[in-house]
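Could you walk me through this model in the viewer, one selection at a time? I would like to know what to click on next and what is there.

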Amino acid sequence: MPAKDLYHEAVKQALIKDGWTVTNDPLHIRYGGFDFYIDFGAEDLLGASKNGQKIAVEVKTFLGTSALRELHVTVGQLLNYRLVLAESDPERHLYLAIPEYIYDTLFETPFGKLVLEKHHIKLIVFDEQQEVITQWLS
């Protein structure tokens, strides 16, 4: 099982504060002879505010030496997760959770916007200090 991201618990708390029930930590999917571990599976179990939605959330902080290199790896990872979710749990929507400063410095650039648009990446932007979600972008 992969190591937890630096902000793993902050995102978990932010999801809970936003009314989600974290049902899987991690969300494990076995498909085609491989094991996939998406950071979280969450659901609105009461179905009141989010119409019974199910989501999968991958957390990334982009703290390495090259944010662009990490973006390349992350996009590939998300595309693979989207494929296995479509086969094994098609009702679940995949989100990438990122801290606000990464949204501002990477995904608000023309290239970042292009990546989001062309790859149809859904974002959860969070405040890592307050452990709250500040934006849902899909």
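A residue is called buried here when its relative accessible area is under 20%, exposed when that value is over 50%, and partly exposed in between. Keep in mind as you go that this is a predicted model.

**Stop 1: F62.** Select F62, in the loop between β5 (54–59) and α2 (67–88). Its relative accessible area is 5%, so F62 counts as buried. Now look at the backbone: phi of F62 is near 55 degrees, a positive value in a residue that is not glycine. Most residues other than glycine have a negative phi, and most peptide bonds are trans.

**Stop 2: H120.** Next, go to the loop between α4 and β7, where you will find H120. Here too phi is positive in a non-glycine residue, at about 50 degrees. Is H120 buried or exposed? With a relative accessible area of 60%, H120 is exposed.

**Stop 3: the D25–P26 bond.** Zoom in on the peptide bond between D25 and P26, which is cis, with omega at about 5 degrees. P26 sits in the loop that links β1 (21–24) to β2 (27–31).

**Stop 4: helix α1.** Show residues 8–17, which make up helix α1, and colour its buried residues H8, A10, V11, A14 and L15. They lie on the same side of α1, because the arc they cover around the axis is only 165 degrees. What do the buried residues of α1 pack against? Turn on β1, β4 (40–43), β5, β6 (92–99), β7 and β8 to see their partners. Just past the helix, pause at G19, which follows α1 and has a positive phi near 100 degrees.

**Stop 5: P99.** Move on to strand β6 and pick P99. P99 counts as buried because its relative accessibility is 0%. Draw a distance from the C-alpha atom of P99 to that of K60: the two are 8.0 Å apart, although 39 residues separate them along the chain. Setting aside neighbours within four places in sequence, P99 is in contact with Y7, K60, T61, V125, F126 and E128.

**Stop 6: E128.** That last contact of P99 is a good next click. E128 lies in the loop between β7 (122–127) and β8 (132–137). Which side chain of opposite charge is nearest to this residue? It is K17, 12 Å away; E128 is buried yet has no salt bridge. Leaving out residues up to four places away in sequence, E128 touches Y7, A10, P99, E100 and Y101.

**Stop 7: helix α3.** Select residues 100–107, helix α3, and highlight the buried I102, Y103, L106 and F107. These residues share one side of α3, since they cover an arc of only 100 degrees around the axis. The cover over them includes α2, β6, α4, β7 and β8. Rotate to the face turned away from the buried side, and you meet the exposed residues D104 and T105.

**Stop 8: a surface patch.** Finish with F111, which belongs to helix α4 (residues 110–119). Its relative accessibility is 40%, so F111 counts as partly exposed. Add L68 and L114 to the selection: together with F111 they form a nonpolar patch on the surface, with about 260 Å² of accessible area in total.

Notes. Residues numbered from 1 in each chain as written. Predicted model: local features only at pLDDT ≥ 70, side-chain atom pairs only at ≥ 80, totals over all residues. Heavy atoms only, no water. Patch = residues over 30% accessible without salt bridge, like charges linked within 9 Å, V, L, I, M, F, W, Y side chains within 5 Å. Areas by Shrake-Rupley, 256 points an atom, 1.4 Å probe, with all protein chains shown as cover. Salt bridge = Lys/Arg side-chain N within 4 Å of Asp/Glu carboxyl O. Helix = DSSP H or I, 4+ residues; strand = E, 2+ residues; numbered from the N terminus. Buried < 20%, exposed > 50% of the residue type's maximum accessible area, 1.4 Å probe, protein only. Lys, Arg positive; Asp, Glu negative; His and termini not counted. Contact = heavy atoms within 4.5 Å. Arc of directions from axis to C-beta.
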